Amino acid sequence: MTDMNTIVGSHDLLMITLDTLRYDVAKLEEQNCPNLCGTGPWEKRHTPGSFTYAAHHAFFGGFMPTPANTNKASHVRLFHSRNTGLKTHPHTWLFDTPDIVSGFAAEGYRTICIGGVIFFTKKNPLAKVLPGYFQQSYWRMNFGVTNPNSTEHQVQHALKLLEQSAPDEKLFLFLNVSAIHGPNRYFVEGAREDSVETQRAALRYVDEALGPLFDAMRQRSRPTFCLAFSDHGTAYGEDGYQGHRLAHDVVWNVPYREFIL
């Protein structure tokens with residue numbers, strides 16, 4: 001059980017949403033993901049939203065994916081808004097702001113967003129909402145779902161920002177990884193449509209591409225508390241369903257990890 005009151009303020013914070021990653025896909029590739037799973041397995045959790053926009057509003061409000069079991073009393077939230085009238089655990093970090101991002105900023109963190117999917121593009125008012133939580137936010141065409149090297153481009157941008165940051169500056173870095181989201185068929189040669197197999201290949205690519213970012217965070221003056229999880233899954237024909245923003249187990253069940261770099 002992580003005491004977030006000992007983490008916030010003493011650690012850099014890295015949150016990675018692996019957009020659209022299914023839990024079953026993550027488990028199938030667990031042994032092939034040394035960066036994301038080098039210190040332990042994926043935990044099965046339930047997402048608070050069935051698509052990116054809804055889920056990230058919940059995450060930034062402090063509502064992370066919850067354990068996929070009926071024993072909710074055993075779950076200790078990492079973050080919770082103060083003065084809600086609800087009982088909170090001593091290990092939960094309480095914030096006085098509307099969201100955790102501004103809460104971290106109030107604790108002296110520089111907050112950075114590197115977007116991926118359409119809701120982070122800032123191309124219209126709706127797509128400015130989620131990046132608008134952050135002091136700094138970035139999106140480029142080569143960060144998006146149509147670029148087969150998107151995670152590498154996102155990581156390279158993050159590395160440049162880390163180089164510009166003072167070693168003792170507290171950072172909250174958020175990365176929305178777009179590569180696993182469709183279309184991901186180009187990760188399997190000859191594939192004509194997205195599938196469990198093409199998403200598995202996309203995840204292997206993402207894990208390798210994240211390696212330099214993890215290495216760079218390890219070189220900083222303080223340890224990094226990392227949250228890596230999916231915002232939702234997606235259907236590839238199960239029970240006749242395709243895509244997400246729908247109520248099916250393959251959408252609601254997501255992989256979740258928290259670990260120290």
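In this predicted model, strand S6 and strand S8 run parallel and are joined by five bridges, and within this pairing isoleucine 112 stands opposite leucine 173 in S8. S6 also pairs with S7, again in the parallel sense, this time through three bridges. Two of the partnerships between S6 and S7 can be named: isoleucine 114 has tyrosine 138 as its bridge partner in S7, and cysteine 113 has serine 137. S6 is mostly covered, with five of its five residues buried. Its two faces are both covered, since Arg110, Ile112 and Ile114 on one side are buried, as are Thr111 and Cys113 on the other.

**The sheet as a whole**

These strands belong to an open sheet of eight strands, whose order is S3-S2-S12-S9-S1-S8-S6-S7 and whose pairing is mixed. Why do strand S3 (66-67) and strand S7 (136-138) each have one side left without a neighbour in the sheet? Both stand at the edges and each has a single partner strand, so one side of each remains without a neighbour there. As general background, the strands of a sheet pair through backbone hydrogen bonds, either parallel or antiparallel.

The table gathers four of the strand pairs, with the sense of each pairing and its number of bridges.

| Strand pair | Sense | Bridges |
|---|---|---|
| S6 and S7 | parallel | three bridges |
| S6 and S8 | parallel | five bridges |
| S1 and S9 | parallel | six bridges |
| S9 and S12 | antiparallel | five bridges |

Strand S9 appears in two of these rows, pairing with S1 in the parallel sense and with S12 in the antiparallel sense. On the S1 side, leucine 14 has cysteine 226 of S9 as its bridge partner, while on the S12 side leucine 227 stands opposite glutamate 258. S9, too, is mostly covered, and six of its six residues are buried. Thr224, Cys226 and Ala228 point one way from the strand, whereas Phe225, Leu227 and Phe229 point the other way, and all of them are buried.

**Helices against the sheet**

Helix H7 packs on the sheet, where it touches S1, S8, S9 and strand S12 (253-260), and its direction makes about 175° with that of S1. H7 also has a helix beside it: the axes of H6 and H7 come within 9 Å and cross at roughly 5°. Angles under 35 degrees count as roughly parallel, and H6 and H7 are therefore described as roughly parallel to each other. Among the residues that meet where these helices touch are Val155, Leu159 and Leu162 in H6 and Val206, Leu210 and Leu213 in H7.

Helix H4 (residues 52-60) is mostly covered, with seven of its nine residues buried, including Tyr53, His56, Phe59 and Phe60. What covers the buried residues of H4? The covering elements include S1, helix H5 (100-106), S8 and S9. H4 is followed by glycine 62, whose phi is positive, near 95°.

**Two nonpolar cores**

In soluble globular proteins, nonpolar side chains tend to be buried together. Here the largest nonpolar core has 40 residues, and those with the most contacts inside it are Leu14, Ile16, Leu18, Leu36, Leu210, Leu213 and Phe214. Among the elements that give two or more residues to this core are strand S1 (12-18), helix H6 (150-164), strand S8 (171-177), helix H7 (196-218) and strand S9 (224-229). Which element gives the largest share of this core? That share, nine residues, comes from H7. Isoleucine 16 shows how these parts meet, for beyond residues up to four places away in sequence it touches Leu175, Val177, Leu210, Phe214, Cys226, Leu227, Ala228 and Phe229.

A second, separate core of 30 residues includes Ile7, Phe79, Phe174 and Phe225. Phenylalanine 79 lies in strand S4 (residues 79-81). Is phenylalanine 79 buried or exposed? Its relative accessibility is 3%, and buried means under 20%, so phenylalanine 79 counts as buried. Leaving aside neighbours within four places in sequence, phenylalanine 79 is in contact with residues that include Met4, Gly62, Trp93, Phe95 and Leu227. Phenylalanine 79 and histidine 89 are ten residues apart in sequence, and their C-alpha atoms are 9.8 Å apart in space.

**The annotated region**

An unreviewed UniProt entry carries the annotation "domain: Sulfatase N-terminal" for residues 100-252. Over residues 100-252 the chain is 32% helix and 16% strand, and the end C-alpha atoms are 23 Å apart.

Key:
Residues numbered from 1 in each chain as written. Predicted model: local features only at pLDDT ≥ 70, side-chain atom pairs only at ≥ 80, totals over all residues. Heavy atoms only, no water. UniProt positions renumbered as here; feature names shortened; annotations may be inferred. Helix = DSSP H or I, 4+ residues; strand = E, 2+ residues; numbered from the N terminus. Core = buried A, V, L, I, M, F, W, Y, C linked by side-chain atoms within 4.5 Å. Buried < 20%, exposed > 50% of the residue type's maximum accessible area, 1.4 Å probe, protein only. Contact = heavy atoms within 4.5 Å. Pairing = 2+ DSSP bridges. Axes fitted to C-alpha atoms, helices over the stretch in contact; angles between N-to-C directions. Parallel < 35°, antiparallel > 145°, perpendicular 65-115°, else oblique.
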